[in-house]
Amino acid sequence: MLLIMEPGERRRGRSEDEGRVLYERMQRFTEDLKARGLLGASDSLRSDADGVRVRVREGKRTLVDGPFSESKEIVGGFFLLTCESREEAVAIATECPAAEWATVEVRGFGPCYDGN
């Protein structure tokens with residue numbers, strides 16, 4: 001999976017015209033991944049200002065509305081890919097236009113523990 005990690009202030013400071021240009025570039029990248037048979041799913045996520053964090057501790061639910069000031073980056077979107085190797089995923093991440101203004105984090109799927 002490619003996670004687009006974007007500085008929150010950059011997104012909030014972007015004009016609509018700038019955003020549309022970047023979105024079109026990302027759409028072309030998405031279409032290319034589809035044509036290559038690599039794309040499982042992708043989407044852009046709304047700003048953390050629209051998000052809510054949910055925690056349950058000792059049966060008590062706590063909600064924290066965004067934006068989350070302690071976060072320097074937000075997850076701006078994702079690409080779920082079918083890759084043969086980590087190296088292939090890294091090569092695709094390098095092609096991603098968002099790598100020019102954000103960080104593209106490459107993550108594989110696995111269990112929620114490190115039981116090696």
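Helices here are DSSP runs of at least four residues, numbered from the N terminus, and that is how a label like H2 should be read. With that in hand, let's walk through the model, which is a predicted one.

Start with the overall layout. The protein chain has three helices and six strands, and if you follow the sequence from start to end they come in the order β-α-α-β-β-β-β-α-β. The C-alpha trace covers about 45 × 45 × 20 Å along its principal axes. Of the chain's 116 residues, 28% count as buried.

Now look at how some of the strands sit together. Strand E5 is a good place to begin. E1 and E5 run antiparallel and are joined by six bridges; in that part of the model you'll find Pro-7 opposite Glu-73 of E5. E5 also pairs with E2, again in the antiparallel sense, this time over five bridges. There, Leu-39 stands opposite Leu-81 of E5. A general point helps when you look at side chains along strands like these: in a regular strand they alternate between the two faces of the sheet.

E5 has a link to a helix as well. The structure holds one aromatic pair, made by Phe-29 and Phe-79. Two values describe such a pair, namely the distance of the ring centres and the angle of the planes. For Phe-29 and Phe-79 the centres are 5.2 Å apart and the planes make an angle of 85°. Planes over 60 degrees apart count as edge-to-face, so that is the label for this pair. Phe-29 belongs to helix H2 and Phe-79 to strand E5, so the pair ties together parts that are 50 residues apart in sequence. Are the two rings' residues buried or exposed? The cut-off for buried is under 20% relative accessible area. Phe-29 comes in at 6%, so it counts as buried, and Phe-79, at 4%, counts as buried too.

H2 and E5 turn up again when you look for pockets. The largest pocket holds about 520 Å³ of space. It is lined by 21 residues, and the closest to its centre are Arg-11, Tyr-23, Met-26, Ser-44 and Gly-76. Which elements build that lining? Strand E1 (2-7), helix H2 (16-35), strand E2 (39-44) and strand E5 (73-81) each give at least two residues. H2 provides the largest share, with six residues. By class, the lining splits into nine nonpolar, eight polar and four charged residues.

The second largest pocket has about 180 Å³ of space. Its lining includes Met-1, Leu-81, Cys-83 and Ser-85, along with Arg-86 and Ala-89. Val-106, Arg-107, Gly-108 and Phe-109 line this pocket as well. Six residues of the lining are nonpolar, two are polar and two are charged.

Next, the loops, which have some backbone details to check. Most residues other than glycine have a negative phi, and most peptide bonds are trans. Two spots in this model go the other way. Gly-66 and Pro-67 are joined by a cis peptide bond, with omega at about 5°, and Pro-67 is in the loop between strand E4 (60-65) and E5. Glu-58 has a positive phi, near 50°, although it is not a glycine. You'll find Glu-58 in the loop between strand E3 (52-57) and E4. Exposed means over 50% relative accessible area, so Glu-58, at 87%, counts as exposed.

While you're in this part of the sequence, look at Arg-53 too. Arg-53 lies over the face of Phe-68, at 3.9 Å from the ring centre.

Two last stops let you get a feel for distances across the model. Leu-45 is in the loop between E2 and E3, and at 33% relative accessibility it counts as partly exposed. The C-alpha atoms of Leu-45 and Lys-72 are separated by 16 Å, with their positions 27 residues apart along the chain. Gly-13 is in helix H1 (residues 8-13) and is exposed, with a relative accessible area of 62%. Gly-13 and Ala-102 are 89 residues apart along the chain, and their C-alpha atoms are separated by 14 Å.

Key
Residues are numbered from 1 along each chain as its sequence is written. This is a predicted model: local features need pLDDT of at least 70, side-chain atom pairs count only at pLDDT 80 or more; totals for chains, interfaces and linings use all residues. Side-chain values use heavy atoms; hydrogens and water are left out. On a 1 Å grid over the protein atoms alone, a cavity is a set of points where a 1.4 Å probe fits but cannot get out, and a pocket is an open set with protein on both sides within 12 Å along at least five of seven lines; lining residues have an atom within 4 Å of a point. Grid points are joined across faces, edges and corners, and a volume is the space filled by probe spheres set on the points. Ala, Val, Leu, Ile, Met, Phe, Trp, Tyr, Cys and Pro count as nonpolar, Asp, Glu, Lys and Arg as charged, and the others, Gly among them, as polar. Buried means under 20% relative accessible area, exposed over 50%, partly exposed in between (1.4 Å probe, protein chains only). Rings of Phe, Tyr and Trp (its six-membered ring) pair if their centres lie within 6.5 Å; planes under 30 degrees apart count as stacked, over 60 as edge-to-face and the rest as tilted. A charge sits over a ring if NZ of Lys or CZ of Arg is within 6 Å of the ring centre and within 35 degrees of the ring normal. Two strands pair if DSSP finds at least two bridges between them.
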